[in-house]
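Here is a short briefing on a sheet and the helices that pack on it. Please keep the sequence and the 3D view open while reading.

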Amino acid sequence: MAGLIPTIRPATAADMATVAALYGREVTGGTASFELEPPSVAEMTARFDAVRDRDLPWLVAEVDGAFAGYAYLSPFRPRAAYRYGVEVSVYVEEAARGRGVARALVTALIEAARAKGLRHIIAAISQSATSDASIALHRSLGFETAGVYRQVGWKHDRWLDVTLVQLDLSPDGAPPTGEGLRLGGGLA
């Protein structure tokens with residue numbers, strides 16, 4: 001994947017096998033997810049549908065036509081008062097890391113959240129070999145550290161911290177300009 005210039009596009013159901021493979025590798029070998037068993041393609045498709053049912057973006061990055069990663073927004077919490085906040089999730093193929101793929105995906109999601117009149121984007125970054133780079137990426141895009149959950153996850157025979165970073169899309173505290181997200185139903 002030399003000379004990366006990522007192309008960002010909306011994901012489709014046809015992408016879910018590739019998405020599930022990338023996510024599954026992270027579940028079994030990494031700590032970016034606290035799941036312990038990789039979800040099936042059917043389960044990833046159900047998660048994709050749940051995101052899209054809320055009119056939120058799920059994006060895929062490609063480099064020279066090859067899958068390089070994915071990212072999506074999901075509701076931050078299910079209660080109505082949280083309807084203006086979303087959580088960002090981003091996963092990048094190992095060969096594409098450090099080459100602008102995550103930046104392109106998160107930047108596109110920030111633009112989508114602004115267009116929807118949302119207020120906050122939160123990222124929960126678990127302790128890993130790449131967490132410092134992920135935190136630095138988010139900070140470079142305007143996210144600020146909101147806190148750290150200490151030793152909150154047990155995976156691969158060790159306790160893991162989760163750093164929360166937050167981007168305030170309306171730091172002036174103005175009232176919402178829209179209705180916010182449709183909440184209810186389940187998202188994993």
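The points below go from the whole sheet to strand 2, then to the core and the helices.

This is a predicted model. Its open sheet has seven strands in the order 1-2-3-4-5-7-6, and the pairing is mixed. Strand 2, residues 58–63, has six of its six residues buried.

**Sheet layout**

- Strand 1 and strand 6 (144–155) are the edge strands, each pairing on one side only.
- Averaged over the sheet, neighbouring strands are turned by 25° against each other, with direction ignored.
- Strands of a sheet pair through backbone hydrogen bonds, in either the parallel or the antiparallel sense.
- Both senses occur here, since the pairing is mixed.
- The parallel sense is found between strand 4 (residues 85–92) and strand 5 (residues 120–126), which share three bridges.
- Across that pair, Val86 stands opposite Ile121 in strand 5.

**Strand 2 and its partners**

- Strand 1 (residues 7–10) runs antiparallel to strand 2, and four bridges join them.
- Arg9 has Val60 as its bridge partner in strand 2.
- Strand 3 (residues 66–75) is also antiparallel to strand 2, over six bridges.
- In this pairing, Val63 stands opposite Ala66 of strand 3.
- Strand 2 and strand 3 form a hairpin with two residues between them.
- Asp64 sits in the turn and has a positive phi of about 50°.

**Side chains of strand 2**

- In a regular strand, side chains alternate between the two faces of the sheet.
- Trp58, Val60 and Glu62 point one way from strand 2.
- Leu59, Ala61 and Val63 point the other way.
- Both sets are buried, Glu62 included.

**Nonpolar core**

- The largest nonpolar core holds 46 residues.
- Trp58, Tyr70 and Ile121 have the most contacts inside this core.
- Helix 3 (residues 101–115) gives the most to this core, with seven residues.
- Two of these names recur above: Trp58 points the same way from strand 2 as Val60 and Glu62, and Ile121 faces Val86 across a strand pair.

**Helices on the sheet**

- Helix 3 packs on the sheet and touches strand 1, strand 2, strand 3, strand 4, strand 5 and strand 7 (158–168).
- The direction of helix 3 makes about 35° with that of strand 3.
- Helix 4 (residues 131–140) lies across strand 4, strand 5, strand 6 and strand 7.
- Helix 4 runs at about 165° to strand 5.

Technical notes:
Residues are numbered from 1 along each chain as its sequence is written. This is a predicted model: local features need pLDDT of at least 70, side-chain atom pairs count only at pLDDT 80 or more; totals for chains, interfaces and linings use all residues. Side-chain values use heavy atoms; hydrogens and water are left out. Buried means under 20% relative accessible area, exposed over 50%, partly exposed in between (1.4 Å probe, protein chains only). Two strands pair if DSSP finds at least two bridges between them. A nonpolar core is a set of buried Ala, Val, Leu, Ile, Met, Phe, Trp, Tyr and Cys residues joined through side-chain atoms within 4.5 Å. Axes are lines fitted to C-alpha atoms, for helices over the stretch in contact, and angles run from 0 to 180 degrees between N-to-C directions. Contact means heavy atoms within 4.5 Å.
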